[in-house]
Amino acid sequence: MDDIFSQVREGNAFHVRVWLDNTENDLNQGDDHRFSLLHWAALEGRTNIVDMLIQRGARINATNMGDDTALHLAASHGHRDIVLMLLHNKANINAINEHGNTPLHYACFWQQDHIAEDLVNSGAIVAIANKYNESPMDKAKPYLSKMLKERAAALGQDLNKIPYKDRSWLGYKTRSRDATLSRHAGIDIQQLNLISRIASTHSGDVWRATWQGNDIVAKILSLRECTIRTSRDFQEEFPRLRIFNHPNILPVLACANQPPNLVILSQFMPFGSLFNVLHGETGIVVDQNQALRFALDIARGMEFLHSLEPMIPNFHLTSKHVMIDEDLAKINIDDPKYTAKDAPINAIDEDLTARINMADYQFTFHEKGKLYSPAWLAPEALSRNPADINQRAADMWSYAILLWELETREVPFAELSPMEIGMKVALEGLRLTVPPGISSHMSRLLKICMNVEPGKRPRFDMIIPILEKMKTSG
């Protein structure tokens, strides 16, 4: 098959779908100019491929080397249906490229009248000036400029020109990932630049690092001894964790298999885990709508993992193993609270995304039989051999604990030690109680997901429609 960028440019939807079905292929990778697949599909007007990429989790606001987004390209080339599709999926309508131009600048310059009108009706600001002090109205023909000004005024926009601001130093662009991120498997550990240790846990040391200019997390497994067999098992198990084609799965990017060091690399997530967001001091306010979005994200990710045959073993769902991602292009950098790169998190004005972290997979040779987060584990998972339990049903119990956590913002069984939790849940019937004051729908969902009989717990494909309806009605 020709390279995937050529397939997208030529509109070969079947070949693109086959490529996307390979979990190791990264749909957010960029070519030599950091054009992503979505960039090329938007530029060439491949509507069906744009839709396919969005459904598979393409980053809507990824930028190329010139800081153009897919919306810039679709607007300038007159692909109205793609513009509307991108806007529906929360494209940053006022994104600026390296010249300070917004999608509206391009729509006006290329006389895409209907698209320009669509953009203004959807919130595009008509008065933003680029580096050359030109607003979109300065780029438009007189008749279009007059019409857009009248429409913007009717929508309450201030028509006074907004001076260009150089925001490149903020580092808020979400660039398409270097294609090498999805091509590499084994790497030389000497290529890693370890910056700071994020955590030291029972499973290993977690470092913030850079690799080939990318911000990554390097997890160095803690091992008593790294034998030839251990190294071989690591090499065999690692590839299954490279799941690039689902928006709610955070893949392992690469590994370094250089005994005595076994290292797995994943993308750096500045907010850390869901546990950190709910119970730490990130400054993120998780309201009911955001909690439901997280719940849906996690359910969709788990549904995908459960669809794999065979399933990936030894992955335990907890809030510590779910990472929180966001599209940096969505930061409201004009918010007065946003003054530097380390501005408070509440300067963010768009959705956050929950992604299941494959780097938290428990390798078969690593910490055999040890369970460190019993609060999230099903009673049968704490009392039986893994081969004797229904793993899908056990995951649903763990998911119910996550739902409880999202509803209450409390740590499950926080007053007990892990050993006490494990013993009491497995042997003494210790259970979380459904808190008062939550919706009747969520209360029922919690109860069915924590059914004492594993066979009576629902599947993830059964609860996703329920959560979607709750999100819509809420």
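In this predicted model, strand β11 (residues 322-325) is covered on both of its faces. Val 322 and Ile 324 are buried on one side, and Met 323 and Asp 325 are buried on the other. The neighbour of β11 is strand β12 (residues 353-357), to which β11 is joined by four bridges, with the two strands running antiparallel. A handy landmark for finding this pairing on screen is Met 323, whose bridge partner in β12 is Arg 355.

Strand β12 also leads to the largest pocket, since β12 is among the elements that each supply at least two residues of the pocket lining. The other elements in that group are α2 (13-21), α4 (47-56), α6 (80-88), α14 and α19 (460-473). The volume of the largest pocket is about 1,300 Å³. Its lining comprises 44 residues, and those nearest the pocket centre are Ile 54, Pro 247, Asp 297, Arg 300 and Thr 353. Which element contributes the largest share of this lining? That element is α14, with seven residues. In terms of residue class, the lining of the largest pocket holds 18 charged residues, alongside 13 nonpolar and 13 polar ones.

Helix α14 turns up again in the enclosed spaces of the model. Rolling a probe the size of a water molecule over the atoms reveals where empty space remains. Three cavities of 30 Å³ or more are counted, and the largest cavity has a volume of about 90 Å³. The residues lining the largest cavity are Met 302, Leu 305, His 306, Met 311, Ile 312, Asn 314, Phe 315, Gln 391 and Asp 395. Two elements, α14 (288-307) and α16 (391-408), give two or more residues to this lining. The most comes from α14, which provides three residues. By class, five residues of the cavity lining are nonpolar, three are polar and one is charged.

Elsewhere, five strands make up an open sheet in the order β5-β6-β7-β10-β9, and their pairing is antiparallel. The edges of the sheet are β5 (193-201) and β9 (252-258); each has a single partner strand, so one side of each is left without a neighbour in the sheet. On average, neighbouring strands of this sheet are turned by 25° against each other, direction ignored. As a general reminder, the strands of a sheet pair through backbone hydrogen bonds, in either a parallel or an antiparallel way.

Within the sheet, β7 is a good strand to follow. Strand β6 (residues 204-211) pairs with β7 in the antiparallel sense over eight bridges, and one marker of this pairing is Thr 210, whose bridge partner in β7 is Asp 215. The two strands β6 and β7 form a hairpin with two residues between them. In the turn of that hairpin, Gln 212 has a positive phi of about 55°. Strand β7 (residues 214-221) also pairs with strand β10 (residues 261-267), again in the antiparallel sense, here over five bridges. Ile 220 has Val 263 as its bridge partner in β10.

Is β7 enclosed or open to its surroundings? Seven of the eight residues of β7 are buried, so this strand is largely enclosed by the rest of the structure. Helix α12 (residues 228-237) lies across β7, β9 and β10, and α12 runs at about 165° to β9.

Notes. Residues numbered from 1 in each chain as written. Predicted model: local features only at pLDDT ≥ 70, side-chain atom pairs only at ≥ 80, totals over all residues. Heavy atoms only, no water. 1 Å grid on protein atoms, 1.4 Å probe; cavity = no way out; pocket = protein on both sides within 12 Å on 5 of 7 lines; lining within 4 Å. Points joined across faces, edges and corners; volume = space filled by probe spheres on them. Nonpolar A, V, L, I, M, F, W, Y, C, P; charged D, E, K, R; others polar. Buried < 20%, exposed > 50% of the residue type's maximum accessible area, 1.4 Å probe, protein only. Pairing = 2+ DSSP bridges. Axes fitted to C-alpha atoms, helices over the stretch in contact; angles between N-to-C directions. Contact = heavy atoms within 4.5 Å.
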